[in-house]
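Biologist: I am just starting out with protein structures. Could you walk me through one, step by step?

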Amino acid sequence: MPDSKYSPLPPWQRTDYCGALRARDEGRAVAVLGWVAARRDHGRLIFIDLRDREGIVQLVFNPEYAAAHDVAEKARSEYFIAVRGKVLRRSEGTVNAELPTGEIEVAVSECEILNTSPVPPFPIAEGEVAAEELRLKNRYLDLRRPEMLRNMRRRHRALKAVRDYLDENGFIEVETPILWKSTPEGARDYLVPSRVNPGRFYALPQSPQLLKQLLMVSGFDRYYQIARCFRDEDLRANRQPEFTQIDLEMTCPRPEDVMSVAEGMIAAAYQATLGIDIRPPFPRLAYAEAMERFGSDKPDMRFGMELRNLTEAFAGTAFKVFAEVLARGESIYAIAVPAEHQLSRRELDEMAESLRSRHGLGLAWAKTAQEGWQGPVAKHIGESEKARAAQAMALKAGDTLLMVAGDANKIRPVLGDLRLALGQKFGLCDAEGRSFLWVVDFPLFEYSAEEKRLVSVNHPFTAPHPDDLERLESEPLRVRSLAYDMVLNGQELGGGSIRIHSRELQLKVMDLLGLTREEALDRFGFLLDALTYGAPPHGGCAFGVDRLAMVLCGTDSIRDVIAFPKTQKAVDLMSGAPSEVSPRQLKELGIKVTS
């Protein structure tokens with residue numbers, strides 16, 4: 001008879017998953033298949049913990065069934081085996097309360113090895129941790145680990161809940177092309193050469209932005225898609241070159257309509273995966289206020305230590321450093337560390353050195369006490385200034401005041417990062433807390449010193465706030481947009497905007513961004529044409545699936561919620577991608593590699 005490991009078919013059909021068996025199944029004849037998680041030889045009896053995607057069940061092999069017992073003697077870790085037997089209750093004293101299947105075991109009468117395995121490069125067990133590079137190299141084994149299976153299942157449940165919710169709310173799922181036109185949206189495109197159209201290229205989509213707008217022109221009214229997106233950009237810890245987003249668009253919405261749909265969608269995902277009730281509506285915070293109070297457009301609201309503007313408090317100061325800053329028309333901002341969270345002189349000096357080396361900024365600090373301020377700058381600051389600063393900061397005895405001076409747009413984000421670091425250091429960020437909010441009223445434009453022109457804060461299809469339309473040409477940097485971002489605990493989950501649905505206004509925005517009319521028509525002519533055919537007002541949003549899954553799974557790494565992720569250098573360690581291709585393929589595409 002041929003070795004069963006060469007047969008493409010299992011010897012019998014599975015009746016149950018290993019982890020699904022319970023005491024209610026006592027006496028049933030079952031067939032289970034899975035990997036050997038552990039093997040224990042007790043002389044006459046052999047015990048094997050068999051694992052599949054649902055969990056582990058204990059198998060017991062008795063010499064009474066000699067053939068099965070012989071197979072169990074040969075089985076080793078990660079062998080894939082099939083067994084048949086009867087479910088029995090474990091005897092008193094042998095129940096494993098830590099396993100859902102711990103009350104029962106399967107007394108095996110038949111067993112076959114369907115495939116063998118070498119010793120795995122790392123343990124495949126709950127709680128075992130291996131180096132990430134080793135895990136990514138052997139991802140097919142890493143995905144067997146209970147933690148990874150749990151993450152993938154939770155991601156699946158979240159997406160199923162999203163689909164069900166959007167379907168119930170009248171959205172139609174439409175797939176848009178992967179091979180499409182290059183329409184740069186801020187990051188570099190991944191380009192795909194066309195063999196049948198030599199010298200021409202497709203681009204992988206950075207998002208379905210323009211396509212979903214066209215679907216609104218087409219009359220779909222409510223669209224969504226679980227979309228694959230691609231951006232050839234410098235990577236960070238929680239970014240990938242390819243990612244998935246929940247993409248949706250609606251006709252004739254106001255911002256609050258889109259936000260309401262998004263809140264319900266997120267609430268549905270939380271209920272389906274964690275059984276937690278999220279209660280919309282979420283609070284709203286204007287971008288300008290977020291930057292003023294937190295130095296961030298995605299503030300963590302779980303703790304205080306907010307930024308305060310001390311510019312007026314130090315008006316007329318004799319402290320040379322502050323006086324020079326104020327003479328340039330710049331600002332002084334500060335945060336106060338509460339007395340119960342003390343920083344040593346060494347920690348404060350290290351903080352100051354970090355700000356100096358990384359940002360070219362100085363940190364002025366003082367500790368408050370009953371007898372007055374203490375620290376390097378205390379003697380340089382007048383008593384009236386100290387009093388005004390103390391009142392503005394609501395300082396108490398024992399608090400530590402951290403002050404930074406300079407251009408407000410530069411120093412507020414730096415202080416915002418320092419606030420977050422201190423919040424983490426002192427354990428102020430409640431791991432179980434969920435502080436949702438919307439940041440709204442973003443600027444429409446910002447000035448790029450590198451490109452020496454205006455650039456879009458969101459993207460060039462975002463509509464300006466109707467109250468600011470008269471400023472569009474005269475004061476474009478003061479124009480707000482109809483954009484909105486959902487933030488959770490200092491992380492952006494997603495965002496969107498109301499779009500421009502007027503051809504004339506879209507051309508005007510493109511002109512302000514430095515595109516000539518010819519360039520605008522060449523790149524976006526199809527959209528501009530579509531907007532002339534009764535395009536309705538429309539808007540939508542997009543949410544990063546990977547980031548949402550990361551939050552739902554409680555992990556710090558986005559790679560823990562993606563089945564086959566890439567490294568920070570955009571490399572797939574398992575397959576070796578990106579890899580070289582044959583000269584023949586390059587020749588067919590008319591491509592010559594020069595470096």
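Modeller: Below are some questions and answers about this predicted model.

Biologist: Let's begin with the barrel. In what order do its strands close?

Modeller: This barrel is built from five strands, and their pairing is mixed. From one strand to the next, the twist averages 55 degrees. Going around, the order is β1-β2-β3-β5-β4.

Biologist: Which residue in β5 stands opposite V60?

Modeller: Start with the strands: β3 covers residues 55-61 and β5 covers residues 104-115. They run parallel and are joined by three bridges. Opposite V60, in β5, stands A107.

Biologist: And at what angle does helix α1 run to β5?

Modeller: Helix α1, residues 66-74, packs on this sheet. The strands it touches are β1, β2, β3 and β5. Compared with the direction of β5, the direction of α1 makes an angle of about 70 degrees.

Biologist: Now the open sheet of eight strands. Which strands stand at its edges, and why is one side of each left without a neighbour?

Modeller: The order in this sheet is β6-β9-β10-β22-β21-β20-β17-β11, with mixed pairing. A strand at the edge has a single partner strand, so one of its sides has no neighbour in the sheet. The two edge strands are β6 and β11.

Biologist: What is the bridge partner of G495 in β22?

Modeller: Strand β21 spans residues 491-498, and β22 spans residues 538-544. These two pair in the antiparallel sense, over five bridges. In β22, G495 has as its bridge partner A542.

Biologist: Which strands does helix α5 lie across?

Modeller: Helix α5 is made of residues 209-217 and runs at about 25 degrees to β10. The strands it lies across are β9, β10 and β22.

Biologist: Which residue takes a positive phi in the hairpin of β18 and β19?

Modeller: Strands β18 (residues 445-448) and β19 (residues 453-456) run antiparallel, joined by four bridges. One of the bridge pairs is S448 with R453. Between the strands are four residues, and the one with a positive phi, near 55 degrees, is K452.

Biologist: One last residue, A366: is it buried or exposed?

Modeller: A366 sits in strand β14, residues 364-369. Beyond its neighbours within four places in sequence, A366 is in contact with several residues, including W373, V377 and L401. Its relative accessibility is 0%, and the cut-off for buried is under 20%. Therefore A366 counts as buried.

Conventions: Residues numbered from 1 in each chain as written. Predicted model: local features only at pLDDT ≥ 70, side-chain atom pairs only at ≥ 80, totals over all residues. Heavy atoms only, no water. Buried < 20%, exposed > 50% of the residue type's maximum accessible area, 1.4 Å probe, protein only. Contact = heavy atoms within 4.5 Å. Pairing = 2+ DSSP bridges. Axes fitted to C-alpha atoms, helices over the stretch in contact; angles between N-to-C directions.
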